[in-house]
Each structure stands twice: as structure tokens, then as C-alpha cells.
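The exercises below are meant to be worked through with the sequence and the three-dimensional model open side by side. Try each task before reading its solution.

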Amino acid sequence: MSDPYADIDFDEITENTGLAPDEIKCLKVCFDLFDTKKVEFLSADDLGEIMRAMGFRPTEEELKELLLEIDEDGSGEIEFGEFSQLCATFLVEDPDMETMKRELKDAFRIYDKEGLGYITTETLRGLMENCLLS
């Protein structure tokens, strides 16, 4: 099995965001969950879903402004480095790993409607279908 973190420039992301390597790895797992097509970037359309998963309710105008801020290369696509910068703006200063895990669990509880601590394959399939249709 290949290293899922092999292509990440940890030094550059840490310099740009102040995030520790463990936090960057945690964000990579999240990024990969949103990157359902496995294309190594997220579309601008995914931005609203990401923000809602993080507990925010941005308007369309706020999403457009946010995309202009984080899409450094103007591609209309959110690469992992840009995703890391976005997430870093919402994380408290120097969050410990437990805090980060709790925040991620809170974000994914949106999909755990029965409160079982996991999502079913049916729920995951529905999420993937929604992502593919949007």
C-alpha cells in the first residue's frame, strides 16, 4: 500500500498555515473523504458542502468570496494546499489532536442520523450519489 501522504509538502503547508504534520495528515483524510472522484482536487461546488460539514451556513455570496480568497491559482479547483489553508483559518490557535478529532467527529455527525457512531454504507452511498449529481 502506498503512502497516502507522499505527495504532501508538509514544510510548505506548515509554513503557510501553522499546522503541525499530524493536523495536516488529519486534514488529508478529510480532503480525501470529500474528494469522492479521487481527482486530487475539490470543485468550487464542493465548497458549500465542506463549509456545512464544518458547521457553517454560508450564503452563495460568502462562498464566492471565500473561493476567491482560497483559490490561489484561479483554477476554480481547491487543491489540498488550498484546502489546508481554508481549514486552518477555522481552527483555533494550536489545537491539540483531541480537539481536532472532536471537531471532525462533530462535522461527520451530520450524517450519523441515528447517533450510532458510524454511517452506514447506504448513507455513504447516498452521499456519494449526491456528490456525483451536484
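The model is a predicted one, and the first solution begins with the burial of Gln85, which has a relative accessible area of 18% and is therefore buried.

**Exercise 1. Place Gln85 in its helix and describe what surrounds that helix.**

Solution. Step one is to locate the residue: Gln85 belongs to helix α5, which spans residues 80-90. Step two is to apply the cut-off, for buried means under 20% relative accessible area, and Gln85 at 18% is therefore buried. Step three is to list its partners: once neighbours within four places in sequence are set aside, Gln85 is in contact with Asn16, Thr17 and Glu72.

Step four widens the view to the helix as a whole, which is mostly covered, with eight of its 11 residues buried. Besides Gln85, the buried residues of α5 include Phe80, Glu82, Phe83 and Ser84, and Leu86, Cys87 and Ala88 are also on that list. The buried residues of α5 pack against α1, α2, β1, α3 (46-53), α4 (60-70) and β2 (77-79).

**Exercise 2. Describe the largest pocket and find which element gives the most to its lining.**

Solution. Begin with the volume: about 390 Å³ of space lies in the largest pocket. Of the 17 residues that line this pocket, the closest to its centre are Asp7, Ile8, Ile13, Phe80 and Gly81. Turning from residues to elements, those that give two or more residues to the lining are α1 (10-17) and α5. Of the elements, α5 gives the most, with four residues. Phe80, among the residues closest to the pocket centre, also appears among the buried residues of α5.

**Exercise 3. Trace the salt bridges that involve Lys28 and decide how they are connected.**

Solution. The structure holds two salt bridges. In one of them Lys28 pairs with Asp32, the closest N and O atoms being 3.1 Å apart. Lys28 and Asp32 both lie in helix α2, four residues apart, which is about one turn of the helix. The general geometry helps here: an α-helix has 3.6 residues a turn, so residues three or four places apart point the same way.

The exposure of the partners comes next. Lys28 counts as buried because its relative accessibility is 6%, whereas Asp32, with a relative accessible area of 24%, is partly exposed.

Lys28 also forms a salt bridge with Glu40, and here the closest N and O atoms are 3.4 Å apart. This pair links distant parts of the chain, with Lys28 in helix α2 and Glu40 in the loop between α2 and β1, 12 residues apart. Glu40 is partly exposed, since its relative accessible area is 48%. The final step is to join the pairs: salt bridges that share partners bring Lys28, Asp32 and Glu40 into one network.

**Exercise 4. Examine the surroundings of Asp35, and ask what its side chain reaches.**

Solution. Asp35 lies in the loop between α2 (21-34) and β1 (41-43). Asp35 is buried yet has no salt bridge, and the nearest side chain of opposite charge, that of Lys38, is 5.6 Å away. The cut-off settles this step, for a salt bridge requires a side-chain nitrogen of Lys or Arg within 4 Å of a carboxyl oxygen of Asp or Glu. What the side chain of Asp35 does reach is the backbone nitrogen of Glu40, at 2.8 Å. With neighbours within four places in sequence left aside, Asp35 is in contact with Glu40, Phe41 and Leu42.

**Exercise 5. Characterise helix α3 and the residue noted after its end.**

Solution. Seven of the eight residues of α3 are buried, so that the helix is described as mostly covered. Those buried are Asp46, Leu47, Gly48, Glu49, Ile50, Met51 and Ala53. The helix is followed by Gly55, whose phi is positive, near 95°.

**Exercise 6. Summarise the chain as a whole.**

Solution. Counting elements gives seven helices and two strands, and along the sequence they follow the pattern α-α-β-α-α-β-α-α-α. Of the 134 residues of the chain, 34% count as buried. Finally, among contacts between residues at least 6 apart in sequence, 56% join residues at least 24 apart.

Conventions:
Residues are numbered from 1 along each chain as its sequence is written. This is a predicted model: local features need pLDDT of at least 70, side-chain atom pairs count only at pLDDT 80 or more; totals for chains, interfaces and linings use all residues. Side-chain values use heavy atoms; hydrogens and water are left out. Buried means under 20% relative accessible area, exposed over 50%, partly exposed in between (1.4 Å probe, protein chains only). Lys and Arg count as positive and Asp and Glu as negative; His and the chain ends are not counted. A polar contact is a pair of N or O atoms within 3.5 Å; within protein, one must be able to donate a hydrogen and the other to accept it, and residues adjacent in sequence count only if both atoms are side-chain atoms. Contact means heavy atoms within 4.5 Å. On a 1 Å grid over the protein atoms alone, a cavity is a set of points where a 1.4 Å probe fits but cannot get out, and a pocket is an open set with protein on both sides within 12 Å along at least five of seven lines; lining residues have an atom within 4 Å of a point. Grid points are joined across faces, edges and corners, and a volume is the space filled by probe spheres set on the points.
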